[in-house]
Amino acid sequence: MTDSLTITAPDDWHLHFRDGDMLAETVPATTRCFKRAIAMPNLVPPVTTTQMALAYKDRILAAAGSDNDFMPLVTLYLTNDTTPEEIRNAKKAGIVASKLYPAGATTNSDAAVKGIASLYPVFEEMQKQGMLLLIHGEVTDNHIDIFDREKAFIDQHMVAITRDFPELKVVFEHITTKDAAEFVAAGSDYLGATITPQHLLLNRNDLLVGGIRPHNYCLPVLKRNIHQQALRETVKSGHNRFFLGTDSAPHEKHKKESACGCAGCYSAWSAIELYAQVFEELGALQKLEGFASHYGADFYGLPRNTDTITLRREPWTIPESIALKTGDDIVPFMAGTTINWRLAK
């Protein structure tokens, strides 16, 4: 039995830092082990311009501290008003990706895209500039069951986008279904996907059985067991177009435990340890480094990190809550659970 595991320092290719006072909590939680992170742009107001993205990057770096070499990779929030010129400006400024949210798909997405085909000129420019398109792949039609929305998005939009822009690098974010895993695996080298710890560890029973569990509520919503198992088999396979993206998404406790609770699991403080636990359960601990540290950087066309981190077999319990300086609390993902791996200091 392995008691220690040293891997190339990992990156998080999908997370939410939020903004303002929240950065003092979320940025250190991520920089403790991740060297880079794709920062989602669904703030209030959303990050829709290059100038806004660079200002957000500065705020994240300030929260990280001057002695930290962490690099946030900020993104643009696509809207129906995004122009090809903005894409050119963003690329010139070093912004590597833009994010497509169908309007109403998740937290702070009301200003997002209505009518995806209207963005084809933007996609064309992104393909030309070599900027990645990150997609929250769910339809938002009221008549489509929430558990079927990812599959419907594949059929209605993803097939067309990947066909019409064959050299546009697309990341299908936080996939949740067997359908998405199979679609990405069958795709070209220009199609990748991120997978979260919650969708590897949980299924919809963990949301609904024995009472509604608001801290397991996320979007895309947890699916049935057959989809969870498909994702676990995907990461076990070591396929190099599937990589780590936590979708760590903090919300104050009172906003989760309410009549209309927020979607999101805050996993930053235990993410790499939880992934290690999954890979060990699958008998594939040797595959963790590729998933966490290599494949995402390769897909983005960025250099792999040269530093390393070490995980040790040391059981510890994820805290029941995390106190914020504002006086609020956050309940972290898998709060109160004992896990077997811990990041070495």
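## F17 and the core around it

Start with F17: leaving out residues up to four places away in sequence, F17 touches M22, L23, T26, V27, T30, A37, A39, Y56, I60 and F70. This is a predicted model, by the way. F17 belongs to the largest nonpolar core, which has 88 residues. Along with F123 and L133, F17 is among the residues with the most contacts inside that core. Helix 11 (residues 271-281) supplies the largest share of the core, with seven residues.

Apart from this core lies another one, made of 16 residues. Its members include A97, L132, V171 and A297.

## Helix 1, wrapped up

Several of the residues that F17 touches, including L23, T26, V27 and T30, turn up again among the buried residues of helix 1. The others buried there are E25, A29 and T31. With seven of its nine residues buried, helix 1 (residues 23-31) is largely enclosed by the rest of the structure.

What do the buried residues of helix 1 pack against? Their partners are strand 2 (12-15), strand 3 (36-39), helix 2 (50-64), strand 11 (322-323) and strand 12 (329-330).

## Strand 6 and its neighbours

Now have a look at strand 6 (residues 132-135). L132 and L134 point one way from this strand, L133 and I135 point the other way, and all are buried. Two of these residues have already come up: L133 is in the largest nonpolar core, while L132 is in the 16-residue core.

Strand 6 pairs with strand 5 (residues 97-100), running parallel and joined by four bridges. In this pairing, S98 stands opposite L133. Strand 6 also pairs with strand 7 (residues 170-172), again in the parallel sense, over three bridges. Here I135 stands opposite F172.

## Backbone oddities

Two cis peptide bonds are worth finding. One runs from V44 to P45, with omega near 0°, and P45 lies in the loop between strand 3 and helix 2. Another runs from L219 to P220, also with omega near 0°. P220 is in the loop between helix 8 (205-208) and helix 9 (225-237).

Then there are residues with a positive phi that aren't glycine. R18 has a phi of about 65° and is found in the loop between strand 2 and helix 1. Is R18 buried or exposed? R18 has a relative accessible area of 13%, so it counts as buried, the cut-off being under 20%. H174 has a positive phi too, near 35°, and sits in the loop between strand 7 and helix 6 (178-185). At 1% relative accessibility, H174 is buried as well.

## A histidine in helix 12

H294 has its place in helix 12 (residues 288-300). Its relative accessibility is 14%, so H294 counts as buried. Setting aside neighbours within four places in sequence, H294 is in contact with T8, E289 and R304.

## Spaces inside

How many cavities of 30 Å³ or more does a search of the whole structure find? There are three. The second largest cavity holds about 50 Å³ of space.

Around the second largest cavity you'll find H215, A249, H251, K256, G264, C265, Y266, I330 and V331. This lining is a mix: five residues are nonpolar, three are polar and one is charged.

Note on methods. Residues are numbered from 1 along each chain as its sequence is written. This is a predicted model: local features need pLDDT of at least 70, side-chain atom pairs count only at pLDDT 80 or more; totals for chains, interfaces and linings use all residues. Side-chain values use heavy atoms; hydrogens and water are left out. A nonpolar core is a set of buried Ala, Val, Leu, Ile, Met, Phe, Trp, Tyr and Cys residues joined through side-chain atoms within 4.5 Å. Buried means under 20% relative accessible area, exposed over 50%, partly exposed in between (1.4 Å probe, protein chains only). Helices (H or I, at least four residues) and strands (E, at least two) are DSSP runs, numbered from the N terminus. Contact means heavy atoms within 4.5 Å. On a 1 Å grid over the protein atoms alone, a cavity is a set of points where a 1.4 Å probe fits but cannot get out, and a pocket is an open set with protein on both sides within 12 Å along at least five of seven lines; lining residues have an atom within 4 Å of a point. Grid points are joined across faces, edges and corners, and a volume is the space filled by probe spheres set on the points. Ala, Val, Leu, Ile, Met, Phe, Trp, Tyr, Cys and Pro count as nonpolar, Asp, Glu, Lys and Arg as charged, and the others, Gly among them, as polar. Two strands pair if DSSP finds at least two bridges between them.
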